[in-house]
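Subject: Structure handover

Hello,

Here is the structure for you to work with. My notes on what was found follow below it.

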Amino acid sequence: MSYSLSIRSYCAMLCNSNNVLDSRICSWYEYLTIVGLVVAWSRLMFNLEPILVRIIDLICKVTRVSRNGGEEEEEKDTMQVMKDIIEGMTGIEPDMDYTLEECGLASIGLPALVALLNKRFSTVSFSAADLITASTIGDMVQIIDAAKELANDQGL
């Protein structure tokens, strides 16, 4: 019987006479403490995130190199990389004689394509102006291969 009385007394403390939850459950300073802790945690994470990303990237690079026996991963053929990127963006498998318009990547998709190419080929940097002169995807592959050869000749 004492157990049921203690539950009733607890509920009576939380609820007023109309069975509505009382808003005075926590004090004002507890609310400010929680808000302060959340703000402090978000500021800490904002400052630590770039450092943690660099550390994780470094760990991934080290494990990738050690997994390959110390040698860099052999790059795929430029044509296959271009096909994979375009297929990932549009969902269709392009032919090398397609234009960007036929793939659905007219002028709006070109900057996204350039960003993905720059990410994939880290030794070479491309701009939209470099690839806009190409009429087909095959022409873009030739431009990329020429830029890669130039970078290799310069020792990059």
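Met140 is buried, with a relative accessible area of 2%. Please keep in mind that this is a predicted model. Met140 sits in helix H7. Its C-alpha atom is 9.2 Å from that of Met96, although 44 residues separate Met140 and Met96 in sequence.

Overall architecture

The protein has 7 helices and 0 strands. Along the sequence, the pattern reads α-α-α-α-α-α-α. Of its 156 residues, 19% count as buried.

The pair Lys148 and Thr78

Lys148 belongs to helix H7, which covers residues 137–153. Is Lys148 buried or exposed? With a relative accessible area of 17%, Lys148 falls under the 20% cut-off and therefore counts as buried. The side chain of Lys148 has a polar contact with the side chain of Thr78, at 2.8 Å. Thr78 is part of helix H3, and Thr78 is buried as well, with a relative accessible area of 2%. The contact of 2.8 Å thus links a side chain of helix H7 with one of helix H3.

The nonpolar patch

A nonpolar patch of about 810 Å² lies on the surface. Its members are Trp41, Leu44, Met45, Leu48, Ile51, Leu52, Ile55, Ile56 and Ile59. One of them, Leu52, is located in helix H2, which spans residues 28–67. Leu52 has a relative accessible area of 41% and is partly exposed. Because patch residues need over 30% relative accessible area, the 41% of Leu52 meets that condition.

The negative patch

There is also a negative patch on the surface, made by Glu87, Glu93, Asp95, Asp97, Glu101 and Glu102. Where in the chain is Asp97? Asp97 lies in the loop that runs between helix H3 (78–90) and helix H4 (100–103). Its relative accessible area is 55%, so Asp97 passes the 50% cut-off and is classed as exposed.

The loop before helix H6

Ser127 is in the loop between helix H5 (109–120) and helix H6 (128–132). Ser127 is partly exposed, with a relative accessible area of 30%. How far apart are the C-alpha atoms of Ser127 and Pro111? They are separated by 8.0 Å, while Ser127 and Pro111 are 16 residues apart along the chain.

For quick reference, the relative accessible areas again:

- Met140: 2%, buried
- Thr78: 2%, buried
- Lys148: 17%, buried
- Ser127: 30%, partly exposed
- Leu52: 41%, partly exposed
- Asp97: 55%, exposed

Regards

Conventions: Residues numbered from 1 in each chain as written. Predicted model: local features only at pLDDT ≥ 70, side-chain atom pairs only at ≥ 80, totals over all residues. Heavy atoms only, no water. Patch = residues over 30% accessible without salt bridge, like charges linked within 9 Å, V, L, I, M, F, W, Y side chains within 5 Å. Areas by Shrake-Rupley, 256 points an atom, 1.4 Å probe, with all protein chains shown as cover. Salt bridge = Lys/Arg side-chain N within 4 Å of Asp/Glu carboxyl O. Helix = DSSP H or I, 4+ residues; strand = E, 2+ residues; numbered from the N terminus. Buried < 20%, exposed > 50% of the residue type's maximum accessible area, 1.4 Å probe, protein only. Polar contact = N/O pair within 3.5 Å; in protein donor to acceptor, adjacent residues only side chain to side chain. Lys, Arg positive; Asp, Glu negative; His and termini not counted. Charge placed at Lys NZ, Arg CZ, Asp CG, Glu CD.
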